[in-house]
Amino acid sequence: RDFCLSRGLGDVYKRQGAYFIDVCTVNHPQPRCTDWILHVDGRRKTSLEGTRIEDFSQRKPFCFLSEAVQLKNMPVIVQEWKTPHGSFRLFSYGEEGGIYAAKGPNLPPEKQLDYIIQRQSAKQCLFINVFEAYQDEPAVCSVQISVKDSTALVTVNGETEAFYIER
């Protein structure tokens, strides 16, 4: 069975004008597909550059997604939305696996949300994201993410934080 991690944005809006870093590792005894999922209630401000996927998956809950796009691989993929609470940006580590964007149902199901799915197939999966919520102007000017051996380096606005990752 596939493994799935899902994130919401509750904590993001409590930290307006700041950012936080999410580093998540998942270890399996055998290689398997692992998804990191985020859904956003807002209007996308960035265009989707990548390959359109007609049929993302037949399995629930992915069978309900539409307009799926596999985003172009880059070291850091930046996406931005205007939300009911302000604006929100997501900086994602794009070197491992694939990152997909799609539309999907909310509750009530008539409303569509943006879904971000980061998918990796491995024994050890690594997902790194920097979240920023802001009202007027973003505070984050640059994000760099690199991984070497068992260390992930995340640099935001020139300040680097190191994270140990079990490999």
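Which side chains meet in a salt bridge at 3.4 Å, N to O? They are those of R44 and D114. The views below come from a predicted model.

**View 1. R44 and D114 form a salt bridge between distant parts of the chain.** The side chains meet at 3.4 Å, N to O. R44 sits in strand β3, residues 43-44. D114 belongs to strand β9. The two partners are 70 residues apart. Both R44 and D114 are buried.

**View 2. K103 and D114 form a salt bridge at 2.7 Å, N to O.** K103 lies in strand β8, residues 98-105, and D114 in strand β9, so this pair ties together parts that are eleven residues apart in sequence. K103 is partly exposed because its relative accessible area is 24%, a value in the range between 20% and 50%. D114 has a relative accessible area of 4% and is therefore buried. The cut-off for buried is under 20%.

**View 3. R44, K103 and D114 make one network.** Salt bridges that share partners join these residues. D114 pairs with R44 and also with K103. Side chains of opposite charge can pair when their charged atoms come close.

**View 4. R52 and E54 meet through their side chains in a salt bridge.** The N to O distance is 3.9 Å. The cut-off for a salt bridge is within 4 Å. Is E54 buried or exposed? E54 counts as exposed because its relative accessibility is 72%, and the exposed class begins over 50%. The structure as a whole holds eight salt bridges, among them this pair.

**View 5. One cavity of 30 Å³ or more turns up in a search of the whole structure.** The largest cavity has a volume of about 30 Å³. Which residues line the largest cavity? The lining consists of T25, N27, Q124, C125, L126, I165, E166 and R167. Two elements, β2 (19-40) and β9 (112-134), each give two or more residues to this lining. Strand β9 gives the most, with three residues.

**View 6. The lining of the largest cavity mixes residue classes.** How many nonpolar, polar and charged residues does the lining have? Three are nonpolar, three are polar and two are charged. Strand β9 thus appears in several views: it gives residues to this lining, and it holds D114, the partner of R44 and of K103.

Technical notes: Residues are numbered from 1 along each chain as its sequence is written. This is a predicted model: local features need pLDDT of at least 70, side-chain atom pairs count only at pLDDT 80 or more; totals for chains, interfaces and linings use all residues. Side-chain values use heavy atoms; hydrogens and water are left out. On a 1 Å grid over the protein atoms alone, a cavity is a set of points where a 1.4 Å probe fits but cannot get out, and a pocket is an open set with protein on both sides within 12 Å along at least five of seven lines; lining residues have an atom within 4 Å of a point. Grid points are joined across faces, edges and corners, and a volume is the space filled by probe spheres set on the points. Helices (H or I, at least four residues) and strands (E, at least two) are DSSP runs, numbered from the N terminus. Ala, Val, Leu, Ile, Met, Phe, Trp, Tyr, Cys and Pro count as nonpolar, Asp, Glu, Lys and Arg as charged, and the others, Gly among them, as polar. Buried means under 20% relative accessible area, exposed over 50%, partly exposed in between (1.4 Å probe, protein chains only).
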